[in-house]
Amino acid sequence: MAYQSWQDKLEDACREWNIAAPVFQIVSDRRGGRTAWSSMVTVNGAVHAARFWYDGKNLNNAKEDAAEVALGWLYQSASSFSALSPAASSPSS
């Protein structure tokens, strides 16, 4: 089985649920003589921040972190929505 990045998984989920593709933004914070980098991703109007800050050479890790957070939110939102939908709660015939 081939490795699939969190970013790829998030893009696949957005396609599956027919919502706009995720939009990533890189952010920085000057810390003394160095700069720390992180990422945010917007999915279906909600902004999700990466949990950690990274060295500049690891910007992709920041995007992976934000994508993992957003994917977790998306799955949780989808399961909450389906649990509350009338179709899911109605008894079968």
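**View 1. An aromatic pair that includes Trp 17.** Trp 17 is partly exposed, its relative accessible area being 31%, in this predicted model. Its partner is named by a search of the whole structure, which finds one aromatic pair; the rings of Trp 17 and Tyr 75 have their centres 5.6 Å apart, and because their planes stand at 85° the pair is edge-to-face. Trp 17 belongs to the loop between α1 and β1 (23–31), whereas Tyr 75 belongs to helix α2, so the pair ties together parts that are 58 residues apart in sequence. Tyr 75 is also partly exposed, with a relative accessible area of 46%.

**View 2. A salt bridge within helix α1 (residues 6–16).** Five salt bridges are found when the whole structure is searched, and one that can be followed here is formed by Asp 12 with Arg 15, whose closest N and O atoms are 2.4 Å apart. Both Asp 12 and Arg 15 lie in helix α1, where they are three residues apart, about one turn of the helix. Asp 12 is partly exposed, with a relative accessible area of 30%, while Arg 15 is exposed, with a relative accessible area of 53%.

**View 3. Arg 31 with Asp 29 and Trp 53.** The side chain of Arg 31 meets that of Asp 29 in a salt bridge, with a distance of 2.9 Å from N to O. Arg 31 also lies over the face of Trp 53, at 4.9 Å from the ring centre, so that this view shows Arg 31 beside both a carboxylate partner and an aromatic ring. Asp 29 is partly exposed, with a relative accessible area of 30%, and Arg 31 is likewise partly exposed, at 42%.

**View 4. A network of salt bridges around Arg 51.** The side chains of Glu 68 and Arg 51 meet in a salt bridge, at 2.9 Å from N to O. This pair links distant parts of the chain, for Glu 68 is in helix α2 (residues 59–84) and Arg 51 is in the loop between β3 (46–49) and α2, the two being 17 residues apart. Asp 65 belongs to the picture as well, since Arg 51, Asp 65 and Glu 68 are linked in a network of salt bridges. Glu 68 is partly exposed, with a relative accessible area of 28%, and Arg 51 is partly exposed too, with a relative accessible area of 46%.

**View 5. Glu 64, a buried residue without a salt bridge.** Which side chain of opposite charge is nearest to Glu 64, and how far away is it? That side chain is Lys 9, at 7.8 Å, and because a salt bridge needs the nitrogen within 4 Å of the carboxyl oxygen, this distance does not qualify. Glu 64, which is found in helix α2, nevertheless has polar partners: its side chain reaches the backbone nitrogen of Trp 6 at 2.9 Å, and it makes a polar contact with the side chain of Gln 7 at 2.7 Å. When its neighbours within four places in sequence are left aside, Glu 64 is in contact with Tyr 3, Ser 5, Trp 6 and Gln 7.

**View 6. Lys 63 and the ring of Phe 24.** The charged end of Lys 63 sits over the ring of Phe 24, at 5.2 Å from the centre of that ring.

Terms used: Residues numbered from 1 in each chain as written. Predicted model: local features only at pLDDT ≥ 70, side-chain atom pairs only at ≥ 80, totals over all residues. Heavy atoms only, no water. Helix = DSSP H or I, 4+ residues; strand = E, 2+ residues; numbered from the N terminus. Buried < 20%, exposed > 50% of the residue type's maximum accessible area, 1.4 Å probe, protein only. Lys, Arg positive; Asp, Glu negative; His and termini not counted. Polar contact = N/O pair within 3.5 Å; in protein donor to acceptor, adjacent residues only side chain to side chain. Contact = heavy atoms within 4.5 Å. Phe/Tyr/Trp six-rings, centres within 6.5 Å; stacked < 30°, edge-to-face > 60°. Lys NZ or Arg CZ within 6 Å of the ring centre and 35° of its normal.
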